[in-house]
Amino acid sequence: MNSSQRNAAQRSNPSEVSIAGYLIRRLQDYGIADCFGIPGDYVLAFYSLLEESPINVIGCTREDCAGFAADAYARVHGMGAVCVTYCVGGLSVCNSIAGAYAEKSPVVMLTGSPGLNERVNNPLLHHKVRDFRTQLDVFDKLCIASTELNDPLTAFSEIDRVLDACHRFKRPVYIDIPRDMVHVVPAVSHSYRRPVSNDDQLALEEAVRESIDRLTKAERPLIIAGVEIHRFGLQELVLQLAEQASIPMAATILGKSVIRETHPLFIGLYEGAIGKAEVTEYVESSDCILLLGTFMTDINLGIYTAKLDVKNCIYATSEQLQISYHHFPRVPLDQFLQKLIDAKPNVTRRPIPTDLHIKAPLAPDIEAEAPLRVSRIIAHLNAKLDSDTIVIADIGDSLFAATELVIHDSTDFLSPAYYTSMGFSVPASLGACTARPNDRVVVICGDGAFQMTGQEMSTLIAQGHSPILIVLDNHGYGTERMLQQGNWNYNEIHAWNFHLLPLIYNGGRGYLATNEIEFCDALDEAWNDRTQLHLIHAKIAEGDASQTLLRLAERLGKRVDNT
Ligand SMILES: Cc1ncc(C[n+]2csc(CCOP(=O)(O)OP(=O)(O)O)c2C)c(N)n1
Ligand SMILES: [Mg+2]
């Protein structure tokens with residue numbers, strides 16, 4: 001469409017809503033109240049409309065950080081958005097969007113691009129990589145749906161299609177608005193129509209019959225809840241099913257906190273051979289395991305040490321339903337759960353041994369002069385957690401050690417535990433603080449991961465948030481050291497005085513802790529002050545690591561060296 005056709009379309013428009021106006025309105029329909037990003041000339045026209053809208057625009061220090069913030073916001077809030085400029089901004093968000101895809105986080109990636117009228121004769125415009133579609137092609141691979149809003153006649157329905165996909169599949173989507181399309185008012189009268197569902201009711205009924213039959217015959221039934229239960233807002237249904245039939249529940253590491261961990265039916269995280277032996281034994285001796293919304297990833301399955309017999313499993317996710325070796329197509333997870341509840345199965349009550357009962361832990365005694373150990377940091381933190389705390393763990397021993405934390409409320413633990421991209425936690429805390437400003441957010445981050453994206457603490461300070469950032473400093477890539485024999489220079493990193501960063505970033509308070517008493521003092525002071533950000537630089541004893549990391553290293557190490 002050339003510019004005179006576009007102008008004609010604009011004149012005959014009955015609705016008077018521009019493409020950008022419609023997009024901004026639809027984002028709000030999905031509850032998106034905040035958007036993270038960095039502007040640039042190709043997206044400035046859209047950015048100013050966004051800033052004038054009720055959506056709160058939060059400028060970040062890096063685009064990948066904006067992507068992580070939007071991802072965490074989506075995990076906590078339901079759907080999130082990031083808005084960046086063409087290629088130099090957009091391509092920096094690839095890794096964050098890839099993580100959101102892999103871990104099912106519904107993020108809307110918004111970007112501007114050169115105007116259609118600027119693209120004639122293929123000029124060498126700044127930021128262009130190969131051709132004008134390069135960025136679109138890249139995100140087409142990383143997102144569940146993508147669109148370039150290059151046609152006023154289809155722009156509104158394209159926006160609906162792509163946002164529906166984000167909401168429905170809980171995966172990221174990409175919307176590109178060429179800068180000369182921002183103010184275009186399409187000549188269409190448009191009203192939103194819900195997509196038609198293609199659910200198979202007969203398959204649903206048969207799957208429920210077979211599941212009930214198995215559950216009622218089972219002597220040791222069990223539920224393993226996964227991350228999708230949170231993403232699709234199905235926690236209440238899972239709890240109802242478990243409680244009415246007294247079925248014990250475990251969770252996967254990616255699904256940690258899907259179920260409140262102090263729930264009397266909760267027995268812990270199932271991680272195959274890298275998890276706690278008592279939990280592993282209890283789970284693997286079950287004769288009917290309801291795997292609900294779990295991803296069968298290597299880390300979730302304890303680097304494939306999990307011993308779950310397919311014959312005993314009912315494996316239900318938003319994408320598939322398999323009972324033993326039987327596959328049931330197009331069965332919606334929520335309806336499957338609801339029908340199981342409605343059937344009120346008469347299930348054998350399996351006792352939970354006392355050593356699997358999880359209680360909110362008490363504060364351990366402080367070993368005053370003892371060098372700092374990761375397990376002790378976690379024990380002291382554990383005693384502080386309450387239902388208003390959100391914990392975000394980065395990749396490395398931060399995640400492995402944090403599996404020991406007892407999370408008091410559902411969805412209060414965030415970590416990229418499948419995609420495992422370092423650098424998630426600090427920017428993610430910006431997303432979590434924005435989504436839940438009244439909750440206390442605690443970040444556990446390795447020194448290596450902090451050096452990647454820790455500068456986003458600047459935005460946390462600028463926005464007036466007061467998270468507690470704990471940097472576990474083992475002077476390098478501790479996890480990698482554990483995975484390979486020998487001392488390799490590439491696992492050493494330059495030492496930073498992390499506790500001095502609040503001075504640089506112009507806000508917040510820093511603490512250096514080299515022993516337990518210093519750590520506990522710092523944690524107490526940070527906990528009692530909600531007026532500012534706190535950064536605790538925790539120097540870990542030489543060679544120390546969590547038990548989970550040690551067990552993981554034993555398993556994964558064999559694969560790294562191919563032995
Ligand atoms: C973005 C990214 N780059 C590299 C890796 C590979 N990797 C996994 S763990 C790790 C070391 C993490 O170091 P640190 O953050 O200090 O945590 P530690 O292992 O020392 O607890 C590395 C480099 C990764 N997962 N993500
Ligand atoms: Mg480290």
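**Helix crossings and the ligand 1 shell**

Modeller: Helix α8 (residues 201–217) packs against helix α12 (residues 333–342) with the axes 10 Å apart, at an angle of about 45°. Bear in mind that this is a predicted model.

Biologist: Why are α8 and α12 called oblique to each other?

Modeller: The angle between α8 and α12 is about 45°. Roughly parallel needs under 35 degrees, and roughly perpendicular starts at 65. The pair falls into neither class, so α8 and α12 are oblique.

Biologist: Which hand does the crossing of α8 and α12 have, left or right?

Modeller: Right-handed, as α8 passes α12.

Biologist: What makes α4 oblique to α15?

Modeller: Helix α4 (residues 63–77) and helix α15 (residues 425–435) cross at roughly 40°, and their axes come within 7 Å. That angle makes α4 oblique to α15, because the roughly parallel class ends under 35 degrees. The crossing of α4 past α15 is right-handed.

Biologist: How do you know that α2 and α3 are oblique?

Modeller: Take helix α2 (residues 19–29) and helix α3 (residues 44–52): their axes cross at roughly 45° and come within 10 Å. Roughly perpendicular covers 65 to 115 degrees. The crossing is outside that range and not under 35 degrees, so α2 and α3 count as oblique. Here too the handedness is on record: α2 passes α3 in a right-handed crossing.

Biologist: Now the ligand. Which residues come nearest to ligand 1?

Modeller: D447, G448, A449, G478 and T479, out of 16 residues around ligand 1.

Biologist: What makes the approach of T479 to ligand 1 a polar contact?

Modeller: A polar side-chain atom of T479 lies 2.5 Å from an oxygen atom of ligand 1. The cut-off for a pair of N or O atoms is 3.5 Å, so the pair qualifies. Backbone atoms take part as well. An N or O atom of the G448 backbone is 2.8 Å from a ligand 1 oxygen. For the G476 backbone, the distance to an oxygen atom of ligand 1 is 2.9 Å. The protein buries 79% of the 580 Å² that ligand 1 exposes when taken alone.

Biologist: Which helices each supply at least two residues of the shell around ligand 1?

Modeller: α16 (447–453) and α18 (478–483). α16 gives the most, with 4 residues.

Biologist: How many residues of each class does the shell around ligand 1 have?

Modeller: It has 9 polar, 4 nonpolar and 3 charged residues. Glycine counts as polar here.

Conventions
Residues are numbered from 1 along each chain as its sequence is written. Chains are lettered from A and ligands numbered from 1 in the order in which they are written. This is a predicted model: local features need pLDDT of at least 70, side-chain atom pairs count only at pLDDT 80 or more; totals for chains, interfaces and linings use all residues. Side-chain values use heavy atoms; hydrogens and water are left out. A residue is near a molecule or strand if one of its heavy atoms lies within 4 Å of it. A polar contact is a pair of N or O atoms within 3.5 Å; within protein, one must be able to donate a hydrogen and the other to accept it, and residues adjacent in sequence count only if both atoms are side-chain atoms. Accessible areas come from the Shrake-Rupley method with a 1.4 Å probe; for residues, only the protein chains shown count as cover. Axes are lines fitted to C-alpha atoms, for helices over the stretch in contact, and angles run from 0 to 180 degrees between N-to-C directions. Angles under 35 degrees count as roughly parallel, over 145 as roughly antiparallel, 65 to 115 as roughly perpendicular and the rest as oblique. A crossing is left-handed if the near helix is turned anticlockwise from the far one by less than a right angle, and right-handed if clockwise.
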